[in-house]
Amino acid sequence: MEENGRVFSEEEIKKLEYENRLYKAILDNTHAMVFWKDKDRRFVGANKAFLDYFGLESEDAIVGKTDQDMGWHSDPIQYMNDEEVVLYEGKSVIRSEGKCLARGQERDVVSSKVPLYEDGEVVGLVGNFRDVTDTNRSFKEVIDELNRVRDKIKNFEFYDQLTNVLNRSGVYEVAEDFEEKFLEEQKDFAAVYLDIDDFRDFNESYGYQFGDDLLVKIARTIENTLDDECALARLGSDVFIVLVRFDEESEIKALMKRMSHAVREIRKVDGYNTLISFVFGYAKYSDFMDIDRLFLEADKKLHESKKKNDL
């Protein structure tokens, strides 16, 4: 055997044949999809895992062809750019993420390619890739589940579990936001406390399930009367609070009137006739410049109103 003027001995030939069989055995028994190309990006060969992945019988189906000829990539530009970096700049491309078409399905793959040298010149490239579609899907499922858990935790932390309006922690967060906007824009806000008249009588007459259903109905009814500069919360039992930003104090009284009118339209709950009314108490942030004092004053005004009603 002679190559480039050099004559190989029989022993050297046997060694080369053995090494070729060894390399082929290693390549054909690895799970990685391995391929090699010439300087013009044409396939020269590939291992068994590569051929099996694309459902090919032999290397004859790809030798001398490019990725574009095979139609494996919906976006071939990325792969072309990667390979030109390897072939013309002599740089390796490691873990390049992309997509390919295999057996009629688009799959997520991660590929790496390194230059193949001969006498100091780049004459081709060797590459491998692995399919990460299922891994990506599993990772996405984990992220989705974590997001669902996070949302549940947030829901428990800031929302009333019966009515799904804000709870005490949630309304305090909104109040802090309103406070920040007040300092920036000088637009005032108020805390309006609402207490349902004779709610205990409803529970005693019709049962606690009725009471829960009534609270949910009232929450939805109040929500429908509010605009984007209001926030509704349930503080416990039958006490609700509305935070409202306003320009004129008359807007607060107009809001209370709308809410009172809206709940009076609730005629039946769970088949029982109802007649709902509220007791109100409110306070303005600008009078105290402190959220805790704002809430305390609104609560105080509510109890004063309830005492007047009881007289």
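**Close-up 1. Arg234 and Asp160 form a salt bridge between buried residues.** Arg234 has a relative accessibility of 13%, so this residue counts as buried. Asp160, at 12% relative accessibility, counts as buried as well. In this predicted model, the side chains of Arg234 and Asp160 meet in a salt bridge, with 3.1 Å from N to O. The pair links distant parts of the chain, 74 residues apart. Arg234 belongs to strand 9 (residues 230-236), while Asp160 sits in the loop between helix 5 (133-158) and helix 6 (168-185).

**Close-up 2. Lys187 and Asp247 bring two loops together.** Here the side chains of Lys187 and Asp247 meet in a salt bridge, at 3.9 Å from N to O. Lys187 lies in the loop between helix 6 and strand 8 (188-196), and Asp247 in the loop between strand 10 (239-246) and helix 9 (250-264), so the salt bridge ties together parts that are 60 residues apart in sequence. Take a look at the surroundings of each partner: Lys187 counts as buried at 16% relative accessibility, whereas Asp247 is exposed, with a relative accessible area of 55%.

**Close-up 3. Lys99 and Asp108 make another salt bridge.** The side chains of Lys99 and Asp108 meet at 2.5 Å, N to O. Lys99 counts as partly exposed because its relative accessibility is 40%. Asp108, at 17%, counts as buried. To put this view in context, the count of salt bridges comes to 22.

**Close-up 4. Strand 3 and strand 4 form a hairpin.** Strand 3 (residues 33-38) and strand 4 (residues 43-46) run antiparallel and are joined by three bridges. Four residues lie between the two strands of the hairpin. In the turn you will find Arg41, with a positive phi of about 70°. Lys37 stands opposite Phe43 in strand 4. Lys37 and Arg41 also belong to a network of salt bridges, in which they are linked with Asp67, Glu83 and Lys113.

**Close-up 5. Five strands form an open sheet.** The strands follow the order 4-3-7-6-5, and their pairing is antiparallel. Strand 4 and strand 5 (93-102) stand at the edges with a single partner strand each, so one side of each has no neighbour in the sheet. From one strand to the next, the twist averages 30°. Strands of a sheet pair through backbone hydrogen bonds, which may be arranged in parallel or antiparallel fashion. Strand 5 and strand 6 (residues 105-118) pair in the antiparallel sense over eight bridges. As one example of a bridge to strand 6, Gly98 has Val109 as its partner. Helix 4 (residues 76-89) packs on the sheet and touches strand 3, strand 5, strand 6 and strand 7 (121-131). The direction of helix 4 makes about 145° with that of strand 5.

**Close-up 6. Helix 7 meets helix 8.** The axes of helix 7 (residues 199-206) and helix 8 (residues 208-223) come within 6 Å and cross at roughly 135°. The two helices are therefore oblique to each other. On the helix 7 side, the contact involves Phe199, Phe202, Asn203 and Tyr206. These meet Tyr208, Phe210, Gly211, Leu214 and Leu215 in helix 8. What kinds of residues make up the contact of helix 7 with helix 8? Seven are nonpolar, two are polar and none is charged.

How values were computed: Residues numbered from 1 in each chain as written. Predicted model: local features only at pLDDT ≥ 70, side-chain atom pairs only at ≥ 80, totals over all residues. Heavy atoms only, no water. Salt bridge = Lys/Arg side-chain N within 4 Å of Asp/Glu carboxyl O. Buried < 20%, exposed > 50% of the residue type's maximum accessible area, 1.4 Å probe, protein only. Pairing = 2+ DSSP bridges. Axes fitted to C-alpha atoms, helices over the stretch in contact; angles between N-to-C directions. Parallel < 35°, antiparallel > 145°, perpendicular 65-115°, else oblique. Contact = heavy atoms within 4.5 Å. Nonpolar A, V, L, I, M, F, W, Y, C, P; charged D, E, K, R; others polar.
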